[in-house]
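Here is a quick tour of side-chain contacts, written to be read with the viewer open. Rotate as you go.

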Amino acid sequence: MKIQNLEIPDLKLITPSIYRDDRGYFMESFNQRVIQSQIKIRNFIQDNESSSSFGVLRGLHFQLPPFTETKLVRVITGSVFDVFLDIRKDSPTFGKWGSYILNADNPEWISLPKGIAHGMITLEENMIMQYKVDSCFEPKSDSQIKWDDPDLAIEWPIKPVIISEKDKNAPSFKKFLENNGGLII
């Protein structure tokens, strides 16, 4: 397993070792001991899975304290343009975003620490994404930031085909800060 840094501090790309032969392949997709030696997390307590068709946009989602989450995300089938926004008030990259294309051909994980808003748009039909989280979902803590906020200027590679009402009506980053007294994570 190879672990490397992404452009936002504390975000990691985890690449499992894959052993291929004429039968197919074998990989250890997750190893708690290896992950904990490189990434500061509690135990993951919940696995989530989502399926989307081409052009579905989800995000930018996160949970407010005290239910903030560390996430591990990967794509099982298809591909996504994965986006992460740093909303940690003391981070040198506060308000900055990064992206990575996750796909089933390269079964990598992205580790998203607490204080990162997460979103994605599907680039293929029948995409399935898996999430490991270290905190259970709490509806009262659920929050989002507008995916197309002009101040963030996220460079989505395609125009969304389907967006939920919740994501369409999410506040801008600036409005979110105003509504929460500047407190994020």
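What follows walks through salt bridges, ring contacts and a surface patch in a predicted model.

## Salt bridges

Start with the charged pairs: searching the whole structure turns up 10 salt bridges. One of them brings the side chains of Lys174 and Asp151 together, at 3.7 Å from N to O. Lys174 belongs to helix H3 (residues 173-179), while Asp151 is in the loop between strand E13 (142-144) and E14, so this contact ties together parts that are 23 residues apart in sequence. Asp151 has a relative accessible area of 56%, over the 50% cut-off, so it counts as exposed.

Two other bridges stay inside a helix. In helix H2 (residues 165-168), Lys168 and Glu165 sit three residues apart, about one turn of the helix, and their side chains meet in a salt bridge at 3.3 Å, N to O. Lys168 is partly exposed, with 39% relative accessible area.

Helix H3 has a pair with that kind of spacing too: Lys175 and Glu178 are three residues apart, about one turn of the helix. Their salt bridge is 3.6 Å from N to O. Lys175 comes out as partly exposed at 41% relative accessible area, whereas Glu178 is exposed at 52%. Elsewhere, salt bridges with shared partners join Asp10, Asp86 and Arg88 into one network.

## Aromatic pairs

Now for the rings: the structure holds six aromatic pairs. Take Phe30 and Trp109, an edge-to-face pair with 6.4 Å centre to centre and 65° between the planes. Phe30 sits in the loop between strand E4 (24-27) and helix H1 (32-38), and Trp109 in strand E10 (residues 109-112), so the pair links distant parts of the chain, 79 residues apart. How accessible are the two partners? Phe30 is partly exposed, with a relative accessible area of 23%, but Trp109 is buried at 1%.

Another pair joins Phe94 and Phe173. Their ring centres are 5.5 Å apart with the planes at 50°, so this one counts as tilted. Phe94 lies in the loop between strand E8 (79-86) and strand E9 (97-103), and Phe173 lies in helix H3, so here too the contact ties together parts that are 79 residues apart in sequence. Phe94 is partly exposed at 29% relative accessibility; Phe173, at 8%, is buried.

Back to Phe30 for a moment: ring pairs link Phe30, Phe44 and Trp109 into a cluster.

## Charges over rings

Which charged residue sits over the ring of Phe30? That would be Lys132, whose charged end is 4.6 Å from the ring centre. So Phe30 is worth a close look, as it takes part both in the ring cluster and in this contact with Lys132.

Arg20 and Tyr25 are also worth a click. Arg20 lies over the face of Tyr25, 5.7 Å from the ring centre.

## A nonpolar surface patch

Last stop, the surface. Phe54, Val161 and Ile162 make up a nonpolar patch there, and together they have about 260 Å² of accessible area. Ile162 is part of strand E14 (residues 162-163). With 44% relative accessibility, Ile162 counts as partly exposed.

Strand E14 also turns up earlier in this tour, as one end of the loop that carries Asp151.

Definitions and conventions:
Residues are numbered from 1 along each chain as its sequence is written. This is a predicted model: local features need pLDDT of at least 70, side-chain atom pairs count only at pLDDT 80 or more; totals for chains, interfaces and linings use all residues. Side-chain values use heavy atoms; hydrogens and water are left out. Patches are made of residues with over 30% relative accessible area and no salt bridge: like charges are joined within 9 Å, nonpolar side chains (Val, Leu, Ile, Met, Phe, Trp, Tyr) within 5 Å. Accessible areas come from the Shrake-Rupley method with a 1.4 Å probe; for residues, only the protein chains shown count as cover. A salt bridge is a side-chain nitrogen of Lys or Arg within 4 Å of a carboxyl oxygen of Asp or Glu. Helices (H or I, at least four residues) and strands (E, at least two) are DSSP runs, numbered from the N terminus. Buried means under 20% relative accessible area, exposed over 50%, partly exposed in between (1.4 Å probe, protein chains only). Rings of Phe, Tyr and Trp (its six-membered ring) pair if their centres lie within 6.5 Å; planes under 30 degrees apart count as stacked, over 60 as edge-to-face and the rest as tilted. A charge sits over a ring if NZ of Lys or CZ of Arg is within 6 Å of the ring centre and within 35 degrees of the ring normal.
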